[in-house]
Amino acid sequence: GAGGGGGGGGTVTDASSLFGGPAIRDRSLYDSVAVGGTFDGMHYGHRKLLTLAVSSIQPATGKLLVGVTRDSMLASKSYSELIPPLDERIRGVRDFVDRLAPGLKNRVRVVPIDDAYGPPGADPKSLEGIKGVENDFDALVLSHETLRNGMLLNEHRVKNLGLEPLALLCTRRTEPHGMSSTALRRMRKGIREEANQI
């Protein structure tokens, strides 16, 4: 090329070869990624979801939306009384993402959600008043436990909104003890009850 970059605009390949790593194929990176959850306690599974989300966006131009479930959606969750309030959970997400990828600060939105699909399942017109949020998502990060919700969301996007389905980027539970938010809340409740009996 004219800029001395050597070849057909392969900036990703050229940049990664400087670090000795394999090139990340463009189709592994997305322009607008969404991820959602309760994000109580920011345990390993939450950090894994957010790390996959951050690593899936185009480095120079991609954006990330993190939806955090409102308190009103949590009443039916096990041990919901132990879930911190929304503002605390949003702060935890923001702190983690800002430390993980400080260069993305202005391209990350953390918003409360009050339905299972969040902004990726919203009519694009309904999002017009929310600063920096539009339904232009091309990927959704989720855990294997919520993969079915992602499939239902894609069905909703295509049938009801006339939008393209999202690429579903799924984490797998790899920790041998299988710690979930519910298991952690159950442990905290048991510890509190034990302490009260002493």
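Leaving aside its neighbours within four places in sequence, which residues is Pro124 in contact with? The tour returns to this question at its last stop.

**The whole chain**

Begin with the entire chain displayed. This is a predicted model, and the mean pLDDT of the chain is 80, with 73% of the residues scoring at least 70. Colour the chain by secondary structure to find five helices and five strands. Followed along the sequence, these elements give the pattern α-β-α-β-α-β-β-α-β-α. The chain holds 198 residues, and 36% of them count as buried. Among contacts with a separation of 6 or more, 70% join residues that lie 24 or more positions apart.

**Residues 1-19**

Next, select residues 1-19. Over this stretch pLDDT stays under 50. The model has 10 contacts beyond four places in sequence for these residues.

**Phe39**

Move on to Phe39, in the loop between strand 1 (32-37) and helix 2. Is Phe39 buried or exposed? Its relative accessible area is 1%, and Phe39 is therefore buried, since the cut-off for that class is under 20%. The backbone deserves attention as well: phi of Phe39 is near 55°, a positive value in a residue other than glycine. Most residues other than glycine have a negative phi.

**Helix 2 and helix 3**

Now select residues 44-55, which form helix 2, together with residues 86-100, which form helix 3. The two axes come within 11 Å and cross at roughly 50°. Helix 2 and helix 3 are therefore oblique to each other, and their crossing is right-handed. Show the side chains at the contact: helix 2 contributes Arg47, Leu50, Thr51 and Val54, while helix 3 contributes Val93, Phe96, Val97 and Leu100. By class, the residues of this contact comprise six nonpolar, one polar and one charged.

**Leu52**

Remain on helix 2 and select Leu52, which is found in that helix. Leu52 has 24% relative accessibility and so counts as partly exposed. Which residues does Leu52 touch, not counting residues up to four places away in sequence? They are Val141, Leu169, Cys170 and Thr171. Add Leu142 to the selection to compare sequence with space: Leu52 and Leu142 are 90 residues apart in sequence, yet their C-alpha atoms are 9.2 Å apart.

**Leu127**

Proceed to the loop between strand 3 (108-113) and strand 4 (139-143), where Leu127 is found. The relative accessibility of Leu127 is 5%, so this residue counts as buried. Display its surroundings: when residues up to four places away in sequence are not counted, Leu127 touches Pro119, Ala122, Val133, Glu134 and Asn135.

**Pro124**

The last stop is Pro124, which lies in the loop between strand 3 and strand 4. With a relative accessible area of 34%, Pro124 is partly exposed, whereas Leu127 counts as buried. Select Glu134 alongside Pro124; the two are 10 residues apart in sequence and 6.4 Å apart in space, C-alpha to C-alpha. The opening question can now be settled in the viewer: with neighbours within four places in sequence left aside, Pro124 is in contact with Asn135 and Leu163. Asn135 has already appeared on this tour, as one of the residues that Leu127 touches.

Technical notes. Residues numbered from 1 in each chain as written. Heavy atoms only, no water. Axes fitted to C-alpha atoms, helices over the stretch in contact; angles between N-to-C directions. Helix = DSSP H or I, 4+ residues; strand = E, 2+ residues; numbered from the N terminus. Parallel < 35°, antiparallel > 145°, perpendicular 65-115°, else oblique. Left-handed = near helix turned anticlockwise from the far one by under 90°. Contact = heavy atoms within 4.5 Å. Nonpolar A, V, L, I, M, F, W, Y, C, P; charged D, E, K, R; others polar. pLDDT = per-residue confidence, 0-100. Buried < 20%, exposed > 50% of the residue type's maximum accessible area, 1.4 Å probe, protein only.
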